[in-house]
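User: I would like to learn how to read a binding site and a helix in a model. Can you take me through them?

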Amino acid sequence: MVGKVVKFGGTSLGDASRIARAADAVVVARSEGPVAVVVSAMAGVTNRLAGIAELAVQDAAAAAAAARALVASHADIAAELGAAPDGDLPWTPARIGRQLDESLPALAAGDAAARDILLASGEKLAAWLLLGVVQARGVAAAIVPAEVLVRTSGRHGNAEVDRTATSAAIAARGAGFWQGLLRIVPGFTGASPDGRTTTLGRNASDYSAALLAAALGWPLEIWTDVAGCYSADPRLVAGARLLRHLSLADANRFAHAGASVIHARTLEPLLERPVPLTIVNSFASDAQSTRIGGEVSEPLRGLALRHDLSLARGARALTAAAAFDQGDDVYADAPAAVVAVSEDGAETAVPVALLSVFDDTAGASLPHRCREALAASDLVPLALWWSRRERCVRIALAAADGQPALRALHRLLIAGDAPVPIHLAVIGASGRVGRRLLELVAEQRPSLRARGFDLRVVAAVNSRKAVVDAAGIEPAAVGARLAAANEATLAQWSHDLLARPERPLVLVDCTASADVAARYPDWLAAGIDIVTPNKHGPSAAAPLAGAIAEAQRQSGARLLHETTVGAQLPLLRTLRELTSAGDRVETLEAVLSGTLSYVLGRLQQDVPFSAAVREAVALGYAEPHPGADLSGADAARKLVILLRALGVAIDLDEIHLQPLVDAERLREPDAGRLLDTLEDQDAPWQRAAEAARAAGECWIYRASWQGGIAQLRAERVPLSHPLARLLPCENALRLSSSYYRAAPLTVAGPGAGIDLTAAGVFADLLEVIARHQPVEPLRQMPAGAPLRAVA
Ligand SMILES: NC(=O)C1=CN([C@@H]2O[C@H](COP(=O)(O)OP(=O)(O)OC[C@H]3O[C@@H](n4cnc5c(N)ncnc54)[C@H](OP(=O)(O)O)[C@@H]3O)[C@@H](O)[C@H]2O)C=CC1
Ligand SMILES: N[C@@H](CC=O)C(=O)O
């Protein structure tokens, strides 16, 4: 009886809820026939184990503690799942813990065999966890140690698999063994001829699963965090298309050229003993998938980019065949200009990109069309040639031209005139800024479409409900769709959003929520751009601020938040540009709260304090909870953001802050009730305003930064003071700097309001969209002597 092999990647087993979901999928699969499961270690675990191996060399006690913590975290997850496996098991967290303890001296001595035992324990612990949940679901299951199946060389860290011996070992168990109990096999692991545990190199669990599937002759499903192979890396190319059916041979050509998702090594056993492979998105199993092998296949049309290559001038040369891809003669028909590489090229090497263009429908015209497409985008290749063996066009480019060329060629050869989809998730969609933003999206969509973009709202969220719909939600229907939607917590909708394969995805956070801002690192790390007027992220304390910066650095996704200070006023961008042009700010004073500027301005017009606050709320200047304005906290966040834009490392708790009204009353959580308490402030503020007027002065809520001290407080200033001349609600910034010493730079204007804020958010959104412009401007090739080699 034919069964199937199901492999779960680390993200699919990333936490208790994902393990439970994987177990559910296994139970369904088991109800349909025999199943063997291969598991990776939980996401991040192999990196932690590698870190422990390094630590053991320097600090054995710290390594032991880290190993214990890691093993204990798996036991905690089993407790959370309420499912620990029973029966006689080859290992348990306790056994693995003891084994790691015992191996510490060998690890400290740098023993490669001990390191392999340590690294392989991640998959074993994951197998143990999944076994427990599957058993708790009533499925009879058992673990098979990979060491008894996968036969390898003795090379620790990256062992070679003896495929013949491995197939024989798998077959030797007999059909009954595989068709009876559900078998769970840890991936990434094998054993040397003398029985020592070996590991197969990073990301090798797919390979383990392919070995098992080929030996059993069972189809393979790989459950991972993407839907499959795309016509180009969807993180780099907006509108990349999912390739639904590929032959094994075409998938192999594509993988060898550097296409992501499937490693060429995974395909090797399947090419020898063909069984179909399906890639399934664990987080959106409703989504489409890629099926490799099997009855149906489509012509390969896709682009793969490698940028881990370099091109050298002079020096000792190797054949590119050896340097690029062992045993592959793809360069045999390449021009002489790109067939050699410097071996000692560290000093002379220039990074290059190598783009492989496959279009099996194009015939002999493909090189010519590639040339034309590049020329149309003002991109100049270093070399372009037809690879007979791989039936693709290879294009060597200066490294900086790699991604622009990828996008340009994808658009011109594959996507055609189809607009680039830009997916939008609007958080805070029923709020004032959120609603106005959705109106702007509806208004501006036609002009964006004319520029080649299709702006689609795919998610809308408020504090209680969420709609996620890849087909798109009409902006005008968002309110009704949310009203009809199910309740969803932040954790739930964030999880659903992270699972969506659509890119580019821009999350617009129109809340004032710190909890939402705390999720920014996760979203950014997943390649989701964020646009926001919410000050909680950019003014967050160092740990969150650092995580946000790091996630942007690693993923290339960006957080844009120009409206967090002064709404639509050009403040942050101006300061960043000045700083990067070498200016050094010496002192700064500002009015940063639109609400307080309005309230204090209205006092001068004889409007009572409490009435002025109500007006500011009604006009849309105030925060969702006006206590944030009256306490000065909102303005303090703006000052932090402003100073950080100038390169000043400062946290909120370093600001000297004097609230406008007493802190006690600001504890009232209900905004309406807080407003009801304010009338007793009318008389004192009326007296204060009259006294100021009599002295030829007025009140402002002044922010300042001088001598390293940042403060905010209500102050009386002469009417001649530049910050006294503001209209109610206006903000102003005045700074002296090395460039603005003779006369300070002043920027002033309306600094709050729903329309202005939504317009500023939309402007940030346009900036993100512009990054996905399919054709990019000409980039210069690196200067220097003629370039003549690729590696
Ligand atoms: N007004 C202005 O002049 C300016 C405002 N800003 C900023 O704009 C942002 C939005 O302000 P505004 O539109 O007035 O606020 P609103 O109170 O009108 O709207 C806030 C929205 O966020 C939603 N929300 C709150 N908490 C969560 C959560 N945990 N998860 C998901 N959604 C949540 C609310 O849901 P629900 O509808 O269910 O309550 C609501 O839809 C704020 O950060 C503000 O500081 C920035 C510059 C200027
Ligand atoms: N409440 C703020 C507006 C948004 O940042 C203000 O009054 O300035």
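**Reading ligand 2 and helix H12**

Analyst: Lys-638 has a polar side-chain atom 2.6 Å from an oxygen atom of ligand 2. Of the 250 Å² of accessible area that ligand 2 has on its own, the protein covers 90%. Bear in mind that this is a predicted model.

User: Which other side chains have an N or O atom paired with an oxygen atom of ligand 2?

Analyst: A polar contact is a pair of N or O atoms within 3.5 Å. In the side chain of Lys-535, such an atom is 2.8 Å from a ligand 2 oxygen. For Thr-595 the distance is 2.6 Å.

User: Which residues surround ligand 2, and which helices supply at least two residues of the shell?

Analyst: The surrounding residues include Leu-592, Ser-593, Gly-594, Tyr-621, Glu-623, Asp-629, Asp-634 and Ala-752. Helices H21 (594–604) and H24 (633–645) each supply at least two shell residues. Sorted by class, the shell has 5 charged, 4 nonpolar and 3 polar residues.

User: Now the helix. Which residues of H12 are buried?

Analyst: Buried means under 20% relative accessible area, and exposed means over 50%. In H12, residues 366–376, the buried ones are Leu-366, Pro-367, Cys-370, Ala-373 and Leu-374.

User: Why do the buried residues line one face of H12?

Analyst: Viewed down the axis of H12, the buried residues fall within an arc of 125°, so they line one face of the helix. Ala-375 and Ala-376, on the other side of H12, are exposed.

User: What is the phi of Asp-378, which follows H12?

Analyst: The phi of Asp-378 is positive, near 60°.

Methods
Residues are numbered from 1 along each chain as its sequence is written. Chains are lettered from A and ligands numbered from 1 in the order in which they are written. This is a predicted model: local features need pLDDT of at least 70, side-chain atom pairs count only at pLDDT 80 or more; totals for chains, interfaces and linings use all residues. Side-chain values use heavy atoms; hydrogens and water are left out. A residue is near a molecule or strand if one of its heavy atoms lies within 4 Å of it. A polar contact is a pair of N or O atoms within 3.5 Å; within protein, one must be able to donate a hydrogen and the other to accept it, and residues adjacent in sequence count only if both atoms are side-chain atoms. Accessible areas come from the Shrake-Rupley method with a 1.4 Å probe; for residues, only the protein chains shown count as cover. Helices (H or I, at least four residues) and strands (E, at least two) are DSSP runs, numbered from the N terminus. Ala, Val, Leu, Ile, Met, Phe, Trp, Tyr, Cys and Pro count as nonpolar, Asp, Glu, Lys and Arg as charged, and the others, Gly among them, as polar. Buried means under 20% relative accessible area, exposed over 50%, partly exposed in between (1.4 Å probe, protein chains only). The arc is that of the directions from the helix axis to the C-beta atoms.
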